[in-house]
Amino acid sequence: MRISPTDCEICRFLSDEVRAGAPGTQSQLPLEAHGLETLAGHDVFEWVKLKRCPLCGTYYRYEYDQNRDHWWPDSWETLRRISEARGIKYASRGL
Ligand SMILES: [Zn+2]
């Protein structure tokens with residue numbers, strides 16, 4: 001039987017959308033985000049990745065962006081929970 005994200009050791013620490021690095025947000029994604037696995041075939045895109053929780057199977061869309069304005073030389077990350085249907089679609093067709 002599958003566990004739900006709210007009971008999951010990884011997902012319960014991740015909200016529907018987690019942003020890090022941008023002004024007004026935390027500087028890094030929660031440690032639990034590193035427990036997600038990146039789906040094969042999608043690591044060619046450094047800035048968008050399809051990730052999945054190895055414990056409960058929840059899909060996430062990970063985005064990395066870099067601000068090219070020199071007055072804010074920073075980068076940020078967004079991790080957004082997506083539906084299983086979308087995750088499967090992304091996994092088969094690409095992001
Ligand atoms: Zn999970």
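The largest nonpolar core of this predicted model has 12 residues. Its cysteines are C8, C11 and C53. The leucines are L14, L29, L36, L50 and L79. V18 also belongs to the core, as do the tyrosines Y59, Y60 and Y62. Strand β4 gives the most to this core, with three residues. Across the protein, buried residues make up 16% of the 95 residues.

The secondary structure consists of one helix and five strands. Along the sequence the pattern reads β-β-β-β-β-α. The five strands form an open sheet with antiparallel pairing. Their order in the sheet is β1-β5-β4-β3-β2. The edge strands are β1 (17–20) and β2, and each pairs on one side only. Of the contacts between residues at least 6 apart in sequence, 43% join residues at least 24 apart.

The sheet can be followed from the β1 edge. Strand β1 runs antiparallel to β5 (residues 75–82), and four bridges join the two. In this pairing E17 stands opposite R80 of β5. V18, a member of the largest nonpolar core, falls within the span of β1, residues 17–20.

A20 is also placed in β1. This residue counts as partly exposed because it has 16 C-beta neighbours inside 10 Å, a count between the limits of 12 for exposed and 20 for buried. A20 and E77 are 57 residues apart in sequence. In space, their C-alpha atoms are 5.2 Å apart. E77 is also among the contacts of A20 once neighbours within four places in sequence are left aside. The other contacts under that condition are T25, Q26, S27, Q28, L29 and W76. One of these, L29, is a residue of the largest nonpolar core.

The next pairing in the sheet is that of β5 with β4. Eight bridges join these antiparallel strands. Y62 stands opposite L79 in β5. Both Y62 and L79 are members of the largest nonpolar core. E63 stands opposite T78 in β5.

On its other side, β4 (residues 59–66) pairs with β3. Five bridges join these two strands, which run antiparallel. E63 appears here again, with V48 standing opposite it. E63 thus has T78 of β5 opposite it in one pairing and V48 opposite it in the other. L50, a core residue, stands opposite R61 in β4. Strands β3 and β4 form a hairpin with six residues between them. In the turn, G57 has a positive phi of about 85 degrees.

The β2 edge completes the sheet. Strand β2 (residues 37–38) is joined by two bridges to β3 (residues 48–52), and the two run antiparallel. T38 has K51 of β3 as its bridge partner.

The helix follows the strands in sequence. Helix α1 lies across β3, β4 and β5. It runs at about 125 degrees to β3. A85 has its place in this helix, which spans residues 84–93. A85 counts as exposed because it has 9 C-beta neighbours inside 10 Å, and the limit for exposed residues is 12 or fewer. A85 and Y59 are 26 residues apart in sequence. Their C-alpha atoms are 9.2 Å apart in space. Y59 is itself one of the residues of the largest nonpolar core.

Key. Residues numbered from 1 in each chain as written. Predicted model: local features only at pLDDT ≥ 70, side-chain atom pairs only at ≥ 80, totals over all residues. Pairing = 2+ DSSP bridges. Core = buried A, V, L, I, M, F, W, Y, C linked by C-beta atoms within 7 Å. Contact = placed C-beta atoms within 7 Å. Axes fitted to C-alpha atoms, helices over the stretch in contact; angles between N-to-C directions.
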